[in-house]
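Trainee: Please take a close look at the salt bridges in this model. I would like one connected account of the pairs and where they sit.

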Amino acid sequence: TYPANRHHYLTELMIEFQLCFRLDCSTPTFLIPGLLPKEEPQETNLDGDILEFQYHYRVLPESIVSRFIVLLHDKIYNHIYWRSGVMLAYTEGTESYNLARIRADLEDKKISIAISDRPSTRRSFLMMIRDVFNKIHSSFGNLDVSERVPVPGHLDHPPLDYQELLGLEAMGITDYPIGKLGIKVNVRQLLDGYESVEARQRHRMGDREFERMEKEMGDRFNIHFHNTNQQGDYKPVTDNTNNLQGANIGNFANEVKDNARQQANQHIHSATNQTLAQAATEIKALLNQLDQEYDNSTATGQAMITAKAIESIEKNATLKTRIINALAAGGTTALETAVDHPVIKPVVAMIKEFMDAK
């Protein structure tokens, strides 16, 4: 009985306040999560290794899950949703990489997130989901909510406070003892499953402080990383004439020609080039060590690895001299190919500056 010319106004208002979303139908049709059946469907089981994350509330507003379903409705998997939960899929193109189950327990006042399938994208999917929940939480003002993660291998034990773990890591504490279980949890290893080192450091320092530190490290070594796209590819620009300007770090390994690779391998295995082989081994070991602290698949991680590697080489006069001698004996291509690491080119570029200074 409401005037038909006002229907559009009302539905747009409901969408604006995250009460419903449009369905892909020929006629205007909307789904209101708050009116869905209470019963959880049967198709919500997840197989294999599962990444789990939880939100615990003093008071859990029923609208949180409804608003979450509205905000991420484009990722709903097979139309599986109910009043207190939803199944989501993380896809790229036509390929589905991960499934996620988001489930609210109003009695226990918690929301559980479980993500299965492809390990390499689970963390990114979780970050996307958490970002949506954080935006919803912030709209409530002083909502009392905490983040929790399960103890690995002990899902029946009360989950651990995620912010507490972040604080322990910031204090330099590597192991978190749980006396009741008689175990020690590796703090960094556990946190790495949820966020990269760079993301955690950015959260602790704040975006501005982190970017300031990043800039200082880049200025120190005359390497500046410029964001070129949303995927985080960065291009290094150095002040020397090393022909690296505009090159993409992630593609350096692919630029080496087959004949150059064969020549480099001959240099490495030749008895007359033991210095080159030893230098390559030591650089590779150094970069592999830094890979444990920083994610070399991200632009920020590559910047940190480059800066830390140069800093370590500067402090090690023997290694510095060996690398300079190796470059003089075998050339940059041989060393870069032998090491075969995403940041070896900017590292070698800075080492060449050592040679120029020498």
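**Salt bridges across the chain**

Mentor: Glu40 has a relative accessibility of 30%, so it counts as partly exposed. The model is a predicted one. Glu40 forms a salt bridge with Arg103, and the closest N and O atoms are 2.8 Å apart. Because Glu40 lies in the loop between strand E2 (30-31) and strand E3 (51-57), while Arg103 belongs to strand E6 (residues 95-105), the pair ties together parts that are 63 residues apart in sequence. Arg103 is partly exposed as well, with a relative accessible area of 31%.

The loop between E2 and E3 also holds Asp49, whose partner Arg122 is in helix H3 (residues 119-138), 73 residues apart. Here the closest N and O atoms of the salt bridge are 3.2 Å apart. The two ends of this pair differ in exposure: Arg122 is buried at 11% relative accessibility, whereas Asp49, at 54%, is exposed.

A further salt bridge joins the side chains of Glu169 and Arg188, at 3.7 Å from N to O. This pair links helix H4 (residues 162-170), where Glu169 sits, to helix H5 (residues 187-192), where Arg188 sits, 19 residues apart. Glu169 has 12% relative accessibility and is therefore buried; Arg188 has 34% and is partly exposed. Both residues belong to a network of salt bridges that also links Asp192 and Arg200.

The pairs described here are among the 13 salt bridges counted in the model.

Terms used:
Residues numbered from 1 in each chain as written. Predicted model: local features only at pLDDT ≥ 70, side-chain atom pairs only at ≥ 80, totals over all residues. Heavy atoms only, no water. Salt bridge = Lys/Arg side-chain N within 4 Å of Asp/Glu carboxyl O. Helix = DSSP H or I, 4+ residues; strand = E, 2+ residues; numbered from the N terminus. Buried < 20%, exposed > 50% of the residue type's maximum accessible area, 1.4 Å probe, protein only.
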